[in-house]
Amino acid sequence: MNYTGSCLCGDVSFELNGEFESFYLCHCKHCQKDTGSAHASNLFSTTAKLIWRTGKSKITTYKLPKTKHVKSFCSSCGSAVPNIQMNNKLVVVPAGCLNEEISIKPTAHIFKASAASWEDNLDNVKSYDQLPE
């Protein structure tokens, strides 16, 4: 399978050739901080090939000291973009940066013990198709 993706401003774009083996929704405190939300949504592949189309020089990668936590992002707009970890053996792709729909469904929620308290009972919260008036 071939996928394309980009950051919000479009400076960084990429192509990914291959399949994803897993899709985790991570609720750890590190992912909450670096996404500013309840969890990160990352796809993982040990076989896919990542090809940078544009903006590779605009990518900043941050590794949180003394952890395995890594985040790559566009230095212009701050959007999360893919990164390669584990000595080039693992491609990690933030699901929201892909241009195409993906068929894989989340494999699991991880680090649920760290989940934000405001995540409870979200099914009971009103929903809108766009910004409410």
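Trainee: Which residue in the turn between strand 7 and strand 8 has a positive phi?

Mentor: Happy to start there, and keep in mind that this is a predicted model. Strand 7 (70-74) and strand 8 (80-81) pair in the antiparallel sense over 2 bridges, and F73 stands opposite A80 in strand 8. The two strands form a hairpin with 5 residues between them. The turn residue with a positive phi, of about 85°, is G78.

Trainee: And in the hairpin of strand 6 and strand 7, which turn residue has a positive phi?

Mentor: Strand 6 covers residues 59-63, and 5 bridges join it to strand 7 in an antiparallel arrangement. One of these pairings sets I59 against its bridge partner C74 in strand 7. Between the two strands lie 6 residues, and the one in the turn with a positive phi, of about 65°, is K66.

Trainee: Nice. Which strands stand at the edges of the sheet that these strands form?

Mentor: The sheet is open and has 3 strands in the order 6-7-8, with antiparallel pairing. An edge strand here has a single partner strand, so one side of it is left without a neighbour in the sheet. That description fits strand 6 and strand 8.

Trainee: Let's move to strand 3. Is it largely enclosed or not, and how many of its residues are buried?

Mentor: Strand 3 spans 22-26, and 5 bridges join it to strand 4 in the antiparallel sense, with A40 in strand 4 as the bridge partner of C26. Strand 3 is also joined by 3 bridges to strand 11 (residues 108-110), this time running parallel, and L25 stands opposite H109 there. Strand 3 is largely enclosed by the rest of the structure, because the buried count is 4 of its 5 residues.

Trainee: Which residues does I102 touch, beyond its neighbours in sequence?

Mentor: I102 is among the residues with the most contacts inside the largest nonpolar core, a group of 15 residues. Strand 2 (13-17), strand 3 and strand 10 (90-94) each supply at least two residues of that core. Leaving aside neighbours within four places in sequence, the contacts of I102 are Y3, F20, F23 and L43.

Trainee: How many residues are in the second, separate core?

Mentor: I59 and C74 come up again here, since they are bridge partners between strand 6 and strand 7. Both belong to the second core, which also includes C7 and V12. Its size is 5 residues.

Trainee: Now for the largest pocket: which element gives the largest share of its lining?

Mentor: The pocket has a volume of about 670 Å³ and is lined by 28 residues. Several elements supply at least two lining residues each, among them strand 3, strand 4 (40-45) and helix 1 (29-35). The largest share, 5 residues, comes from helix 1.

Trainee: How many of the lining residues are charged?

Mentor: Those nearest the pocket centre are C31, N42, F44, K68 and H69. Taking the lining as a whole, 15 residues are nonpolar and 9 are polar. The number of charged residues is 4.

Notes. Residues numbered from 1 in each chain as written. Predicted model: local features only at pLDDT ≥ 70, side-chain atom pairs only at ≥ 80, totals over all residues. Heavy atoms only, no water. Core = buried A, V, L, I, M, F, W, Y, C linked by side-chain atoms within 4.5 Å. Buried < 20%, exposed > 50% of the residue type's maximum accessible area, 1.4 Å probe, protein only. Contact = heavy atoms within 4.5 Å. 1 Å grid on protein atoms, 1.4 Å probe; cavity = no way out; pocket = protein on both sides within 12 Å on 5 of 7 lines; lining within 4 Å. Points joined across faces, edges and corners; volume = space filled by probe spheres on them. Nonpolar A, V, L, I, M, F, W, Y, C, P; charged D, E, K, R; others polar. Pairing = 2+ DSSP bridges.
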